[in-house]
Amino acid sequence: MTLTSKSAKELDAFQAAALENYDSLRGRNLALDMTRGKPAADQLNLSDDILTIVGAGETAGEDGTDYRNYGILDGIPEAKKLFADYMDVSTSQILIGGNSSLQIMYDILAGAMLFGMPGHKPWKDHGKIKFICPVPGYDRHFGICERLGIEMVNVDMTVDGPDMDQVEALVKSDATIKGIWCVPKYSNPTGCVYSDEVVDRLAAMPVAAGDFRIIWDNAYAVHRIEGKLAEVKNLLKACEAAGNADRALMVGSTSKITHAGSGVAVLAASENNIADAKKKLSFSSIGPDKINQLRHVKFFGDMKGLHKHMDGHADLIAPKFKAVLDALEKNLAGKGIASWTEPKGGYFVSVDVMDGCAAEVVRLAGDAGVKLTPAGATFPYGKDPRDRNIRIAPTMPGVDEIKQAMEVFCACVELACANKLKS
């Protein structure tokens with residue numbers, strides 16, 4: 001029986017039992033953190049050989065270039081080859097960045113604001129600028145827009161990607177809309193995978209802004225949890241086929257593949273966009289960390305080696321996701337107060353509770369010693385209009401800690417929703 005179908009007397013009893021359960025859990029004095037999708041130490045250990053894989057006298061490229069020196073702004077040839085395979089593009093469509101794809105994305109938008117996209121005037125000269133944000137989505141994307149004064153427009157996420165009817169209606173006649181954020185594979189936080197139809201519609205849709213861009217954050221391109229790795233149609237090739245080659249700006253990194261703070265980031269785009277990005281980059285850099293790029297090339301060897309490495313990650317995190325999903329199913333299924341995603345890859349589980357209850361669930365959990373991502377974080381400006389979405393990040397804690405944290409989480413959902421119904 002769902003909570004909404006219970007009689008007043010039955011709801012009173014449920015609320016009392018939920019409060020008693022919550023009070024008993026709060027008495028355990030827990031201190032658990034599930035706020036962000038960080039790799040755990042055992043995941044980081046998988047990459048420790050990268051620290052010694054390049055030694056003294058081993059720092060030259062295949063052509064003899066000394067990678068200890070300045071230069072090669074767009075990345076060493078060996079890294080461009082590996083990451084061209086990773087992004088499924090040609091080496092002429094690749095720029096190897098520093099350690100952060102987030103920095104690449106910030107630089108793209110900041111550069112567009114100040115200097116414009118190729119062949120177009122700076123966005124700041126247009127007055128109000130807008131970006132489409134599929135929700136729930138990635139809070140750091142929204143933070144970039146907010147920092148740069150770009151107004152955010154919500155569209156709904158579906159199981160196949162953003163609601164394209166909404167997207168197409170918005171971009172068709174509004175030239176102030178300059179782009180859209182996308183996490184196409186194992187999306188943050190829902191774990192959805194974009195369908196071929198969505199990719200094709202994004203690539204071909206009529207847009208009022210000639211400098212419209214799709215920021216394609218392929219952060220979880222190889223991050224399966226279980227089963228076969230999902231496949232997403234290549235956006236850049238779809239845009240080329242539709243006559244919109246400059247529309248796609250695809251980014252990725254190894255930040256959750258090797259060491260999170262010292263990976264390699266990559267931009268894949270048309271040659272026109274790559275030339276523009278390289279020119280803008282030339283004013284802020286004399287060259288990237290080429291030794292780190294070389295480390296990664298030697299560590300993986302090729303895409304076969306990279307996928308084998310990711311199998312190790314999947315073995316470590318799959319039990320953690322199972323612990324989350326088992327707890328949700330055991331404690332909340334059939335009660336009509338929560339629904340959740342069951343991702344096959346990525347780093348998060350997305351939970352929707354009853355409208356108006358997410359912030360209270362997070363507060364109750366915090367009081368019981370379990371830190372969760374703030375309610376509203378998966379929406380622009382931190383404002384979930386229905387106050388229902390909560391992002392759970394299972395990778396950092398151990399399995400036993402996750403089981404404890406999820407026991408608290410489920411108790412908080414029950415109590416918050418019972419209180420809401422009673423009010």
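Helices (H or I, at least four residues) and strands (E, at least two) are taken here as DSSP runs, numbered from the N terminus. The structure is a predicted model, in which local features need pLDDT of at least 70 and side-chain atom pairs count only at pLDDT 80 or more, while totals for chains, interfaces and linings use all residues. Residues are numbered from 1 along each chain as its sequence is written, and side-chain values use heavy atoms, with hydrogens and water left out.

**The open sheet**

Begin by selecting the eight strands that form an open sheet in the order β2-β9-β8-β7-β6-β3-β4-β5, with mixed pairing; two strands pair if DSSP finds at least two bridges between them. At the edges stand β2 (94-96) and β5 (161-162), and because each has a single partner strand, one side of each is left without a neighbour in the sheet.

Go next to the β5 edge, where strand β4 (residues 151-158) pairs with β5 in the antiparallel sense over two bridges. Select T158 and its bridge partner in β5, which is G161. From there, add helix α7 (residues 196-204), which packs on the sheet and touches β5, β6 (177-182) and β7 (213-217), its direction making about 145° with that of β7. Contact means heavy atoms within 4.5 Å, and axes are lines fitted to C-alpha atoms, for helices over the stretch in contact, with angles running from 0 to 180 degrees between N-to-C directions.

Then select helix α3 (residues 77-87), which lies across β2, β8 (248-253) and β9 (265-269) and runs at about 120° to β2.

**Two buried positions**

Within strand β6, select G179, which counts as buried at 0% relative accessibility; buried means under 20% relative accessible area, exposed over 50%, and partly exposed in between (1.4 Å probe, protein chains only). Leaving aside residues up to four places away in sequence, G179 touches K130, F131, I132, F212 and R213. A distance drawn from G179 to P134 spans 11 Å, C-alpha to C-alpha, for two residues that are 45 apart in sequence.

Now move to Q293, in helix α10 (residues 290-300), which is buried with a relative accessible area of 1%. Which residues does Q293 touch, not counting those up to four places away in sequence? They are G75, I76, A79, I96, G97, V264 and P288.

**Two helix pairs**

Select helix α4 (residues 101-115) together with helix α5 (residues 139-148), whose axes come within 10 Å and cross at roughly 30°. That makes α4 roughly parallel to α5, since angles under 35 degrees count as roughly parallel, over 145 as roughly antiparallel, 65 to 115 as roughly perpendicular and the rest as oblique. The crossing of α4 past α5 is right-handed; a crossing is left-handed if the near helix is turned anticlockwise from the far one by less than a right angle, and right-handed if clockwise. Show as sticks L102, M105, Y106, L109, A110 and M113 of α4, with R140, H141, I144, C145, R147 and L148 of α5, which make the contact.

For a second pair, select helix α12 (residues 358-367) and helix α13 (residues 399-422), whose axes come within 9 Å and cross at roughly 130°. These helices, α12 and α13, are therefore oblique to each other, and their crossing is right-handed. In α12, E360, V361, L364 and A365 meet V408, F409, C412, V413, L415 and A416 of α13.

**Strand β13**

Select strand β13 (residues 389-392), both faces of which are covered, with N389 and R391 on one side and I390 and I392 on the other all buried. Strand β11 (residues 349-353) runs antiparallel to β13 and is joined to it by four bridges, and the partner of S350 in β13 is R391.

**Backbone details**

Most residues other than glycine have a negative phi, and most peptide bonds are trans. In the loop between β3 (130-135) and α5, select P136, which is joined to V135 by a cis peptide bond with omega about 0°. The loop between β6 and α7 holds P189, joined to N188 by a cis peptide bond with omega about 5°. Y186 is also found in the loop between β6 and α7; although Y186 is not a glycine, its phi is positive, about 50°, and Y186 is buried with a relative accessible area of 2%. Finish at D387, in the loop between β12 (370-372) and β13, where phi is positive, about 45°, although D387 is not a glycine.
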